[in-house]
Amino acid sequence: MGIQINGQTDIISATDGGLTVSGNLIGTASTATAAATAYGISGSATLSGITSISTINLTVNGNAYPSAGPLSNRNLIINGAMQVAQRGTQVTGVTTGDYRTCDRFRFAMASLGTWTVDQDTNAPNGFSNSFKVTCTTANASPAASNNLFITHPIEAYNLQSLGFGTAGAKGLTLSFWVRSNKTGAATVALLQTDNSNKLVSFEYSISSADTWEQKVITIPGDTAGVINNDNGAGLQFEWWLNSGSNYTSGSHQATWSTFSNTNRNPSNLGVGGATSDYFAITGVQLEVGSVATPFERRSYGAELALCQRYYQIITTGNGFTRVVSGPSKNWIYGQPMIQMRSAPSVSADITGTNANRTYVFDDGQTGHTVNSGQNLVLSDAGANTNSSYYVSFQSSIVGYNGLRQPLAMTTGVIFLSSEL
Amino acid sequence: METSNIKTSQIMYSSNRSTEPTSVKIVTINDHTIFVPLDSANTDYQIYLKWLEEGNEPLPPDPTPEPEPLTAQQKLEAAGLTIEELKGLLGI
């Protein structure tokens with residue numbers, strides 16, 4: 001027998017510990033609040049008629065929901081799961097900075113050891129790859145100007161929703177997984193060099209060696225620093241591994257401050273002080289709002305297409321639209337598979353495979369015999385726009401009147417780069 | 001790419017040597033050849049300009065290439081002659 005109030009008998013008990021109801025709770029939502037009071041509902045409850053939920057952090061089954069920004073296309077990072085590695089899966093003997101293995105993540109360095117760079121298969125649960133750098137020649141005492149970090153620049157076109165430079169500038173949340181043999185305090189910095197030349201930098205800590213740990217960092221919006229609406233670098237993340245004092249002598253900047261090298265790596269993790277030191281990262285997500293939501297999965301094809309705006313490899317099978325043989329050169333004209341960020345840099349590796357073909361030159365003399373697999377010489381290339389390119393190449397066979405004899409190109413790879 | 005990756009550079013012109021250069025040919029320390037457009041938005045070009053600021057100098061441009069010799073047919077066409085007219089001139 002339940003307690004009867006105003007003729008309702010569904011209330012079956014009411015104690016200081018709670019109100020138990022067997023039927024439906026009905027009535028009109030009240031605007032009166034008791035903000036400090038939390039009400040729990042147990043059992044298989046159904047709530048209807050709720051028109052809004054006002055909360056800073058909404059978590060359902062352990063998953064945080066965005067506190068701001070869109071529900072899809074939230075992740076402003078490209079290739080955050082390190083799936084795409086157009087340049088290959090491993091590079092050894094690395095002593096200078098450049099993009100290597102995983103797309104969009106550049107390994108930057110100045111005179112700080114020798115490294116192997118991998119698209120590694122060791123990754124936290126739910127991920128297949130990570131971007132890993134391993135020291136093969138150490139630098140135990142970096143000079144003041146030495147530096148070592150992984151960087152990810154974001155094109156300014158993709159950052160306009162942040163409203164930087166306005167009163168409505170939105171805050172951001174960066175989340176990532178990290179693993180290293182080194183433990184202790186480390187630094188991640190964010191540069192806004194596009195226009196106002198500012199910086200924020202934060203400390204995070206690696207607690208356990210050789211263990212994947214997720215880190216979350218909240219970043220304030222910048223009401224004073226406009227990000228230009230163009231194809232330049234709007235923001236640039238830096239995960240610092242090691243450096244000399246030029247980068248460590250300052251302090252972390254929790255709010256946007258005037259750029260200074262000294263504030264880029266105040267907590268120096270020191271990766272590369274010993275051979276076999278390593279640092280790996282994956283699951284990188286940057287989103288609007290103050291909470292880190294679950295990593296947003298994109299299909300491999302979608303991620304690859306996003307990467308190809310900055311770098312793409314054209315082969316004989318996927319992109320040569322026109323090959324023209326001239327009297328002394330062969331020419332390739334084509335369009336990138338994806339329109340690129342800017343007019344790309346062009347390089348090529350073209351191979352002629354006319355095995356044992358004998359040329360008869362214009363004067364009737366029998367020419368040279370071409371060996372199988374002979375490389376053709378890249379003589380010129382270029383791109384005047386972000387949507388076309390050309391490559392010219394010639395053989396090393398010199399015939400009548402000094403003309404170089406064109407070979408039929410049978411295999412070829414063209415590299416287009418408009419990285420930030 | 002970084003400035004320390006650049007071994008040599010050379011301004012490139014179109015084959016008919018028009019007045020405007022077309023690209024910068026960069027050879028890296030790993031002997032990889034890259035043709036960089038003269039586009040301020042291209043970061044390789046930005047790095048090339050920084051490399052110049054550091055006091056480095058590009059190699060001189062290649063000499064203007066000799067025009068490719070005309071074939072006999074092209075010479076005839078240039079002279080506005082047919083083969084029969086040429087034979088007539090030569091009395092053969």
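A:Cys307 is buried, its relative accessible area being 0% (buried means under 20% relative accessible area, exposed over 50%, and partly exposed in between, with a 1.4 Å probe and protein chains only). The model discussed here is predicted, so local features need pLDDT of at least 70 and side-chain atom pairs count only at pLDDT 80 or more, whereas totals for chains, interfaces and linings use all residues. Residues are numbered from 1 along each chain as its sequence is written, chains are lettered from A and ligands numbered from 1 in the order in which they are written, and side-chain values use heavy atoms, with hydrogens and water left out.

**Cysteines**

Over all chains the structure holds 0 disulfides, a disulfide being a pair of cysteine sulfur atoms within 2.5 Å. For A:Cys307, the closest cysteine sulfur is that of A:Cys102, which at 9.4 Å is too far for a bond. A:Cys135 also has A:Cys102 as the residue with the closest cysteine sulfur, at 19 Å, again too far for a bond. A:Cys135 counts as buried, at 2% relative accessibility.

**The two chains**

The table sets out totals for each chain. Helices (H or I, at least four residues) and strands (E, at least two) are DSSP runs, numbered from the N terminus. Contact means heavy atoms within 4.5 Å, and accessible areas come from the Shrake-Rupley method with a 1.4 Å probe; for residues, only the protein chains shown count as cover.

| Property | Chain A | Chain B |
|---|---|---|
| Secondary structure | chain A: 2 helices and 26 strands | chain B: 3 helices and 3 strands |
| Buried residues | chain A: 48% of 420 residues | chain B: 29% of 92 residues |
| Contacts at a separation of 6 or more that join residues at least 24 apart | chain A: 72% | chain B: 35% |
| Exposed area | chain A: about 19300 Å² | chain B: about 5900 Å² |
| Share of exposed area from carbon and sulfur atoms | chain A: 47% | chain B: 54% |

**Sheet and cores of chain A**

In chain A, an open sheet of 7 strands has the order S6-S7-S10-S15-S12-S13-S16, with antiparallel pairing. Two strands pair if DSSP finds at least two bridges between them. At the edges stand strand S6 (98-99) and strand S16 (253-258) of chain A, each of which pairs on one side only. Within the sheet, strand S12 (residues 184-192) and strand S13 (residues 198-206) of chain A are joined in the antiparallel sense by 9 bridges. A:Val188 has A:Phe202 in S13(A) as its bridge partner.

A nonpolar core is a set of buried Ala, Val, Leu, Ile, Met, Phe, Trp, Tyr and Cys residues joined through side-chain atoms within 4.5 Å. The largest such core has 48 residues, of which A:Phe107, A:Tyr204, A:Ile219, A:Phe237, A:Trp239 and A:Phe279 touch the most other members. Strand S17 (residues 278-288) of chain A gives the largest share of this core, 5 residues. A second, separate core of 16 residues has among its members A:Ile332, A:Ile350, A:Ala381 and A:Val391. Residues up to four places away in sequence aside, A:Tyr204 touches residues including A:Phe176, A:Val188, A:Ile217, A:Trp239 and A:Phe279.

Two members of the second core also face each other across a strand pair: A:Ile332 stands opposite A:Val391 in S25(A). Strand S20 runs antiparallel to strand S25 (residues 388-394) of chain A, and 5 bridges join them. The side chains of strand S20 (residues 330-334) of chain A alternate: A:Asn330, A:Ile332 and A:Gly334 are buried and point to one face, while A:Trp331 and A:Tyr333 point to the other and are not buried.

**Two further buried sites in chain A**

A:Leu159 is placed in the loop between strand S10 (147-155) and strand S11 (172-180) of chain A. A:Leu159 is buried, with a relative accessible area of 1%, and touches A:Leu76, A:Ile154, A:Ile227, A:Gly234 and A:Leu235, not counting residues up to four places away in sequence.

A:Thr116 belongs to strand S8 (residues 114-120) of chain A and counts as buried at 12% relative accessibility. Beyond neighbours within four places in sequence, the contacts of A:Thr116 include A:Gln90, A:Thr92, A:Lys132 and A:Thr134.

**Chain B**

Along the sequence, chain B follows the pattern β-β-β-α-α-α. In helix H1 (residues 43-53) of chain B, the residues B:Thr43, B:Asp44, B:Tyr45, B:Ile47, B:Tyr48 and B:Trp51 are buried. At the start of H1(B), a side-chain oxygen of B:Asn42 comes within 2.8 Å of the backbone nitrogen of B:Asp44. Just after H1(B), B:Gly55 takes a positive phi of about 100 degrees.

Note on methods:
Polar contact = N/O pair within 3.5 Å; in protein donor to acceptor, adjacent residues only side chain to side chain.
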